[in-house]
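Biologist: Please show me the model, and then let us go through a few local features by question and answer.

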Amino acid sequence: ISCFQGCLSDSGSEQNGAVPGEAVKKDENTRRGNWGNQIEFVLTSVGYAVGLGNVWRFPYLCYRNGGVPGAFMFPYFIMLVFCGIPLFFMELSFGQFASLGCLGVWKVSPMFKGVGYGMMVVSTYIGIYYNVVICIAFYYFFMSMTSLLPWTYCNNQWNTKDCSGVVGTSYANATALMSNFTELANRTVKRTSPSEEYWKYYVLNISDDIGNFGEVRLPILGCLAVSWVVVFLCLIRGVKSSGKVVYFTATFPYVVLTILFIRGITLDGAINGIKYYLTPQWQKILDAKVWGDAASQIFYSLGCAWGGLITMASYNKFHNNCFRYRDSIIISVTNCATSVYAGFVIFSILGFMAHNLGVNVADVADHGPGLAFVAYPEALTLLPISPLWSLLFFFMLILLGLGTQFCLLETLVTAIVDEIGTDWIIRNKTYVTLGVAILGFLLGVPLTTQAGIYWLLLMDNYAASFSLVVISCIMCVCIMYVYGHVNYFKDVEMMLGFPPPVFFRICWRFISPVIITFILVFTVIQYKPITYNNYIYPGWSLVIGFLMALSSVICIPIYARKLRQLLGIEGRISKQRLKNAVKPHHTWGPALQEHRIGRYAPTVSPSADRGVEAPLHEKEKETETEKKPEEISLTIQGSNGSTHNPDTTA
């Protein structure tokens, strides 16, 4: 890896971001920092987009909604092309142009800065419970370091009389396995597997109600501390350290997936699982739920509206080509391809498990924590040298989770540092990272109690659900219709050297907002109260869930109202106040002075005779006083925050 990085630093890093035909520019942002090279950014973004949902949610949605080549993949591909990739490119170009995080970029229209705060709230919620999932994967990883997996048999103190294992004294004794299952089938009580009871009664020691917190599970709490320490150490120098770590965390999961896939397809019954995964059900293509699931999966799996894409792109060099066959397209396609590939791995193992149990694949298929910590671990007990495969599987989950967690934490830290913006806070960014990590650990402690799994699923289902759709829609409308699509297209052209393709212009202005609205409507219509196995959440907990969802969206109108009150002294009529609130801040534009060209170029004021350059807002006022009245009105109408020729104004 060190040799590979050396080659990149010698050759690729100097060319990073150079527009073809343009002289290479040393545009390193020494005050804020940049990625070491293009590969680091791509790998970090891949690690951010490819997470646990690709392994435990996509395969389940796929088989439930018509199979890979069937009814599900057609709308999935449509949503990827017309919504996923365009929104991905928009967020990358947005953050890269201003070199600011999810808060700072809203200098483009200060009244909508609440969108940035909403992104921070969402990232906070996800970061809290996501690391709890990672810590549980750590726990299973540590427990797999044994000659016999502890969830193999039913002879443990935590097992109940309903527990029935599928592993006999000898793995090769298939007759004993089937006899065991036949005896199980004759029971009137539903079978509980050793892995399920290990999960419920030993790992979680789950309580009977979400309000009954019980005690803190100390082993899980310890693993949570380990998880946060790992995340902090990997981000101790910001993107300079995380950019090196992702060479491993973003690539090794594919090695593990490939090893598990090769092992899986060689097992008895694996082909039945893969057939089940691939069997098309075209009759479902007219079902609105299939289209809604496809759209939601694309939207959530790419990480749109979390603030992470804007943050990661803000550390790019200004002229980095974040579109053409590299960043936006490669990362989006890699995310979707990983989901499909993971489905083959999961269903090959589930097919083997169904074969041994003598049941249908649908009876062992699951999603979410049920797949990661119950169904799959049970399948692993049926494999020879099961601890080895268990170590590989949970190590893969850890790496997938860490890739996303890095970006979630960096999003919060970058937003705080950019907002304060002093030299001291920039120099001491490590302490900000440590503070956020400690706070995240403390907020995650309730999720390690006996009722923690209830709260984790509540946050997963509500904290980052329809609120993401609302935030993304408002962001799209603000950039295209408040700031102005022509202004934004010119910004992208100035940054990349070419304007956005016509396809992306159409998607940004019309198609993507329509699809986002469809996702929102579908989410509301298809809403069902959350349940966990047979447990029905009480009404008061659902209210808390909705409050979590609203807490990110409510930031938008609260901040807009506050800003209008602050700007009230600048205009006597509400129309003027509104214009002042939505027009770009005078500092909006490229971060480095060498990139502020064209309409962002500073003008010389009378103070230049004294060797002093006037501030941008003063130059704007001085220039406006020299214009004709009609020219002034044109400039204000199309203002992007700096003085420019009316002929070039959108």
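Modeller: A term is needed before we start: buried means under 20% relative accessible area, exposed over 50%, and partly exposed in between. The model is predicted.

Biologist: Is Ser339 buried or exposed?

Modeller: Ser339 sits in helix α16, residues 327-357. Its relative accessibility is 0%, and the cut-off is under 20%. Ser339 therefore counts as buried.

Biologist: With which side chain does the side chain of Ser339 make a polar contact?

Modeller: Leaving out residues up to four places away in sequence, Ser339 touches Asn54, Phe58, Tyr76 and Tyr277. The polar contact, at 2.6 Å between side chains, is with Asn54.

Biologist: Which cysteines does the disulfide join?

Modeller: The structure holds one disulfide. Its S to S distance is 2.0 Å, and the angle about the S-S bond is -70°, a left-handed link. Of the two partners, one is partly exposed at 24% relative accessible area and the other is buried at 9%. They are Cys154 and Cys163.

Biologist: How far from Cys473 is the nearest cysteine sulfur?

Modeller: Cys473 is partly exposed, with a relative accessible area of 21%. A disulfide needs sulfur atoms within 2.5 Å, and Cys473 is in none. The nearest cysteine sulfur, that of Cys476, lies at 7.1 Å.

Biologist: What is the distance between the end C-alpha atoms of α23?

Modeller: Helix α23 has 24 residues, 502-525, and at 1.5 Å a residue it should span 34 Å. The helix also bends by about 55° at Trp508. The end-to-end C-alpha distance agrees with the expected span, at 33 Å.

Key. Residues numbered from 1 in each chain as written. Predicted model: local features only at pLDDT ≥ 70, side-chain atom pairs only at ≥ 80, totals over all residues. Heavy atoms only, no water. Helix = DSSP H or I, 4+ residues; strand = E, 2+ residues; numbered from the N terminus. Expected span 1.5 Å × (residues − 1). Bend = angle between axes of the 7 residues up to and from the residue. Buried < 20%, exposed > 50% of the residue type's maximum accessible area, 1.4 Å probe, protein only. Polar contact = N/O pair within 3.5 Å; in protein donor to acceptor, adjacent residues only side chain to side chain. Contact = heavy atoms within 4.5 Å.
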